[in-house]
Amino acid sequence: MRNFFKKILLPLLFLTCTSPLLAQYTFFTPKEAFAIEVSLPNSAEKRLPMYRNAITSLTVQGDRILGGTTAKEGLSPYLFVASISGRKLITTKDLQESIPGQKSIATGFCKGTGNKLYAGTMGQRNQLAGHLLQVSIGNGDAIEVKDLGIPVAGEGIFTLLSNREGTELYGISYPSGRFFTYTIATKKVQVFDEVAPKEKELNNLHEYAVGPEVYLCKALIQDNAGLVYGSTAGNRVFAFDPAKKTFHFLETPLPAVWGREVLGQVEAWAKAPDGKLYGGNAADGQLFVLDPATKKIKNLGKPMMMARLQALAFGRDGRLYGLAGGAPGYSHLFYYDDKGAGFVDLGNPEFEMVAPGIEQGILWRGFQLSTLAASNDGKYMVMGEDEALSQLMIFPVGQ
């Protein structure tokens, strides 16, 4: 009887208890979605090498996808260009050729004037200084890089944003968390200490044993009135006035799980067509909306039961798409529709990838996705993986 219970009844009880959970787990496989192979070790094709291809920055210019990567310690990152219509990698550039000693391009790309883009880097562990980059796609899809220098001496660039006119950059340095401005025409830099973590705030974090990457401001955004918003250690949100060069702190804190307030960090922002600002709290993976008119923050809840909310972007269907979760678990693609279903967890994307050697196509699953960018017309969402062998995953919006 004991053996019968172990061999027959226990498996049946397990299946009975887990079948609803298994039934809820599906892959996201929309029509016309596809993956582009940009990474492959020891390949004769033009590809990014292993351990240097974690895609941490993305933007879309027409048919072209421009990406930046993060490398393992001691290795240098890459810039690359891929074609949406051609579904292939076109150009790669080792950043070591232009700026030696860098490890990461993780700030995303900020738009300037004349199709110029800007990004910030993080240096290697023994050389933290990060550089401002001016990047453009030239003739023949060549990647052109101009080094604009180190805005904060001895510090990396953790976060970067351009203003609407594309004339000024705003950033957060690493590891001190100082706010800086960079005027593109004059190359003038101003550094501010107002939002850098204070000793009291850092003492509150000691029990969690976390580094600056967990509590510094990870993302910035500008509202329609010109104010720039970000987060500080201690779960606060600040607003910077570029005209007056002043800061003020919002009364409403970031949404947080009780007892974990000090871990609040805005990891991603997206501006809605009506001007409201949607953000993600990395500490507990909560989505919130900030009304610039009232300066109030409303908690919209959690797309999934994990921390992190790494990327947000609006599509042409009016939905807000995002990437929630992450290592040691899996990233999930979701959308939020405030006029319809609310949160919808789309799960793990599984798109067909066709490349030389796999002309028949294979299904590529995205388990560690950290970057998301919408095309200019909102028709396509482009996602980048963040692991040793990272690829691009693209799907059309509105199906």
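Which residue in S26 does Leu-312 stand opposite? In this predicted model, the residue facing Leu-312 is Gly-322. The two strands concerned, S25 and S26 (residues 320-325), run antiparallel and are joined by five bridges. Together S25 and S26 form a hairpin with five residues between them, and within the turn Gly-318 has a positive phi of about 85 degrees. Six of the six residues of S25 are buried, so this strand is largely enclosed by the rest of the structure.

Strand S25 (residues 309-314) also contributes Phe-314 to an aromatic pair whose other member, Tyr-278, belongs to strand S22 (residues 277-281). The two residues are 36 apart in the chain, and the pair thereby links distant parts of it. The geometry of Tyr-278 and Phe-314 is edge-to-face, with 5.7 Å from centre to centre and 75 degrees between the planes. Both Tyr-278 and Phe-314 are buried. This pair is one of 21 aromatic pairs in the structure. Elsewhere, one aromatic cluster is formed by Tyr-170, Phe-179, Phe-192, Phe-238, Phe-240 and Phe-247.

Beyond the hairpin, the loop between S26 and strand S27 (331-337) contains Pro-328. The peptide bond leading from Ala-327 to Pro-328 is cis, and its omega is near 10 degrees. A cis peptide bond also joins Tyr-174 and Pro-175, with omega about 15 degrees. Pro-175 is placed in the loop between strand S14 (168-174) and strand S15 (179-183). As a general matter, most peptide bonds are trans.

Aromatic rings also take part in arrangements with arginine. The charged end of Arg-319 sits over the ring of Tyr-335, 4.0 Å from the ring centre. Arg-236, for its part, lies over the face of Phe-249, at 4.0 Å from the centre of that ring. Arg-236 also has a place in strand pairing: this residue, in S19, stands opposite Thr-232. Strand S18 (residues 228-232) and strand S19 (residues 236-241) pair in the antiparallel sense over five bridges.

These two strands belong to an open sheet of four strands, with the order S17-S18-S19-S20 and antiparallel pairing. Its edges are strand S17 (221-222) and strand S20 (246-249); each has a single partner strand, so one side of each is left without a neighbour in the sheet. In general, strands of a sheet pair through backbone hydrogen bonds, in either a parallel or an antiparallel sense.

Another open sheet of four strands follows the order S8-S9-S11-S12, again with antiparallel pairing. Here strand S8 (110-111) and strand S12 (143-147) stand at the edges, and because each has a single partner strand, one side of each lacks a neighbour in the sheet. S8 is joined by two bridges to strand S9 (residues 117-120), and the two run antiparallel. Lys-111 has Leu-117 in S9 as its bridge partner.

What, then, of the cysteines? The count of disulfides is zero. The sulfur of Cys-110 has its closest cysteine sulfur in Cys-217, and because the separation is 12 Å, the two are too far apart for a bond. A disulfide would require the two sulfur atoms to lie within 2.5 Å. Both residues are nevertheless enclosed: Cys-110 is buried, with a relative accessible area of 6%, and Cys-217 is buried with a relative accessible area of 2%.

Two loop residues have backbone angles that merit attention. Most residues other than glycine have a negative phi. Asp-141, by contrast, has a positive phi near 60 degrees. Asp-141 lies in the loop between strand S11 (132-137) and S12, and this residue is buried, with a relative accessible area of 16%. Tyr-51 likewise has a positive phi, near 65 degrees, and is found in the loop between S2 and S3. Tyr-51 is partly exposed, with a relative accessible area of 44%.

The loop between strand S2 (34-36) and strand S3 (54-61) also holds Arg-52. Is Arg-52 buried or exposed? Arg-52 is buried, with a relative accessible area of 15%; the cut-off for that class is under 20%. Leaving aside residues up to four places away in sequence, Arg-52 touches Thr-69, Thr-70, Ala-71, Leu-75, Ser-76, Tyr-78 and Asp-94.

Terms used
Residues numbered from 1 in each chain as written. Predicted model: local features only at pLDDT ≥ 70, side-chain atom pairs only at ≥ 80, totals over all residues. Heavy atoms only, no water. Phe/Tyr/Trp six-rings, centres within 6.5 Å; stacked < 30°, edge-to-face > 60°. Buried < 20%, exposed > 50% of the residue type's maximum accessible area, 1.4 Å probe, protein only. Lys NZ or Arg CZ within 6 Å of the ring centre and 35° of its normal. Contact = heavy atoms within 4.5 Å. Pairing = 2+ DSSP bridges.
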